[in-house]
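User: I am new to this structure and should be grateful for a close look at a single part of it. Please describe the sheet, together with what packs against it.

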Amino acid sequence: MRTQQRSSDDDERAMADLAEVYDWNRVWGPPETGLDAIRALVSRVSDATGWRPWAPGNIDPDRYTWGLVTRRETVMLVLPDAVLPESPRSGWSAYDIEAGEVELAEEGLDDHWPGQLALARKHWGDPIFVGPGNDPRIPDEWRDRRRHLAVWLRPGAELHLYATQPEAGKANVSVGFGYSVYASEVA
């Protein structure tokens, strides 16, 4: 297994960018594809956030996502119901994990989780949930896919900070930390 520890600068910028969006209801839209749908998505998100399209060019008629760039130069992949920062390249991660090294990877995630959580709290405040990825309160589609999970609520959205869960007994390409924003009717 190989590990890397990178600066948290990318995460600092992306988390600050996400913190500046107060009402995510204005971001979300229908899951449509094509030129008009992408243009509507870009217009809607730009109006709600001030982010700008990352690149002009030809739009794939089957595409329903687009990248936008924040004022801090963070690229955000925007879907009709989610925002995925392209920036989680910072902090601790492990890769080229052999089957017998999964426990070491889990220990690395456990050791570095408090720092990631502290960074997110700095920008987003206290989460409404912090716990293991196998907690029965976590919806089935997320349960056991995350080693750690923290959730914040904002109008129209849930912000998730997580550590990926390596698969036991088999080689894993990589593990690390990530964060995303999801449309939520609860928030």
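Analyst: Two strands are said to pair if DSSP finds at least two bridges between them. The model discussed here is a predicted one. In it, strand 6, which covers residues 91-97, pairs with strand 10 over three bridges, in the antiparallel sense. Ile97 is found opposite Asn172 of strand 10.

These strands belong to an open sheet of three strands, ordered 1-6-10, with antiparallel pairing. Its edges are formed by strand 1 (2-6) and strand 10 (172-175), each of which pairs on one side only. On average, and with direction ignored, neighbouring strands of the sheet are turned by 10° against each other. In general, the strands of a sheet pair through backbone hydrogen bonds, in either a parallel or an antiparallel manner.

Helix 3, residues 102-124, packs on this sheet and touches strand 1, strand 6 and strand 10. The direction of helix 3 makes about 170° with that of strand 6.

The same helix leads on to the largest nonpolar core, which has 39 residues. Helix 3 gives the most to this core, namely eight residues. Leu18, Trp24, Trp51, Val83, Trp124 and Leu161 are the residues with the most contacts inside the core. Beyond its neighbours within four places in sequence, Leu18 is in contact with several residues, including Trp24, Trp51, Val83 and Trp124; Met76, Pro85, Leu159, Tyr179 and Val181 are also among its contacts. Another core, of nine residues, lies apart from the largest one, and Ala82, Phe129, Val151 and Tyr162 are among its members.

How values were computed. Residues are numbered from 1 along each chain as its sequence is written. This is a predicted model: local features need pLDDT of at least 70, side-chain atom pairs count only at pLDDT 80 or more; totals for chains, interfaces and linings use all residues. Side-chain values use heavy atoms; hydrogens and water are left out. Helices (H or I, at least four residues) and strands (E, at least two) are DSSP runs, numbered from the N terminus. Axes are lines fitted to C-alpha atoms, for helices over the stretch in contact, and angles run from 0 to 180 degrees between N-to-C directions. Contact means heavy atoms within 4.5 Å. A nonpolar core is a set of buried Ala, Val, Leu, Ile, Met, Phe, Trp, Tyr and Cys residues joined through side-chain atoms within 4.5 Å. Buried means under 20% relative accessible area, exposed over 50%, partly exposed in between (1.4 Å probe, protein chains only).
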